[in-house]
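Here is a short briefing on one protein chain. Have a look at the structure first, then work through the points.

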Amino acid sequence: MDTIQEHSIAQALIEGCEEKVKKNKHRKVTEVIIKVGITSGIEPELLKTSFDTLKLKTVCHDTFLTINLQDIKVRCEKCGHELEIMKFIHTCPLCGSQDIKIIDGYDMQLLQVITK
Ligand SMILES: [Zn+2]
């Protein structure tokens with residue numbers, strides 16, 4: 001399985017943490033909370049493994065990585081109806097419009113870095 005994506009995301013997360021620790025004049029990061037969209041293509045388990053491997057000699061050596069999975073969130077551009085779903089839909093269940101826009105669940109977002 002291809003883990004390059006997860007590996008570079010983990011690397012970027014740790015780099016972000018190092019900056020934050022430096023900025024706050026803290027010594028380490030206790031927890032990192034991220035949100036991973038279910039359509040982002042990121043494997044949470046692989047990301048966790050990569051993170052746990054890369055973190056060892058960094059400010060993140062004690063860090064717990066919390067991954068919140070985010071369902072797909074869509075909005076109907078016609079009636080404004082918003083809903084969370086597991087699989088993309090093409091038609092609004094309320095008004096039948098096909099003007100559906102994905103507004104969440106497609107990427108990864110860093111929510112919180114807790115330093116100490
Ligand atoms: Zn609608």
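Which residues does Lys78 touch, not counting residues up to four places away in sequence? They are Cys92, Cys95, Ser97 and Asp99. Keep in mind that this is a predicted model. The protein has 2 helices and 6 strands. The strands form two open sheets, one with the order 2-1-6 and one with the order 4-3-5.

**Overall build**

- From the N terminus on, the order of elements is α-β-α-β-β-β-β-β.
- The radius of gyration is 18 Å, well over the 13 Å that the globule rule gives for 116 residues, so the protein is more spread out than a compact globule.
- The C-alpha trace spans about 55 × 35 × 15 Å along its principal axes.
- Of the 116 residues, 20% count as buried.
- Take the contacts between residues at least 6 apart in sequence: 70% of them join residues at least 24 apart.

**The sheet with order 2-1-6**

- This open sheet has 3 strands and mixed pairing.
- Strand 2 and strand 6 are its edge strands, and each pairs on one side only.
- Neighbouring strands here are turned by 15° against each other on average, direction ignored.
- Strand 1 (residues 29-37) and strand 6 (residues 108-115) run antiparallel and are joined by 7 bridges.
- Two residue pairs help to locate this pairing. Val36 has Met108 in strand 6 as its bridge partner, and Val32 has Val113 in strand 6.
- Helix 1 packs on this sheet and touches strand 1 and strand 6. The direction of helix 1 makes about 40° with that of strand 6.
- Strand 1 and strand 2 run parallel, again with 7 bridges between them.
- On that side, Lys35 stands opposite Asn68 in strand 2. Glu31 stands opposite Phe64, also in strand 2.

**Helix 2 and its packing**

- Strand 1, helix 2 and strand 2 together make a β-α-β unit, and the unit is right-handed.
- Helix 2 lies across strand 1 and strand 2 and runs at about 165° to strand 2.
- Which residues of helix 2 (residues 44-54) are buried? Leu47, Ser50 and Phe51 are.
- Seen down the helix axis, the buried residues of helix 2 fall within an arc of 100°, so they line one face of the helix.
- These buried residues pack against helix 1 (4-24) and strand 2 (64-70).
- Glu45 and Thr53 are exposed, on the other side of helix 2.

**The sheet with order 4-3-5**

- This open sheet also has 3 strands, and its pairing is antiparallel.
- Strand 4 and strand 5 (100-104) stand at the edges with a single partner strand each, so one side of each is left without a neighbour in the sheet.
- Neighbouring strands in this sheet are turned by 35° against each other on average, direction ignored.
- Strand 3 and strand 5 pair over 4 bridges, in the antiparallel sense.
- Arg75 stands opposite Lys101 in strand 5.

**Lys78 in context**

- Where is Lys78 found? The residue is in the loop between strand 3 (72-76) and strand 4 (82-85).
- Is Lys78 buried or partly exposed? With 14 other C-beta atoms within 10 Å, Lys78 is partly exposed. A residue counts as buried at 20 or more such atoms and as exposed at 12 or fewer.
- Lys78 and Gly16 are 62 residues apart along the chain. Their C-alpha atoms are separated by 39 Å.

Methods. Residues are numbered from 1 along each chain as its sequence is written. This is a predicted model: local features need pLDDT of at least 70, side-chain atom pairs count only at pLDDT 80 or more; totals for chains, interfaces and linings use all residues. The radius of gyration is taken over C-alpha atoms; the globule rule is 2.2 Å times the number of residues to the power 0.38. Two residues are in contact if their C-beta atoms, placed from the backbone, lie within 7 Å. The arc is that of the directions from the helix axis to the C-beta atoms. Two strands pair if DSSP finds at least two bridges between them. Axes are lines fitted to C-alpha atoms, for helices over the stretch in contact, and angles run from 0 to 180 degrees between N-to-C directions. A crossover is right-handed if, with the strands pointing away from the viewer, the path from the first strand over the helix to the second runs clockwise.
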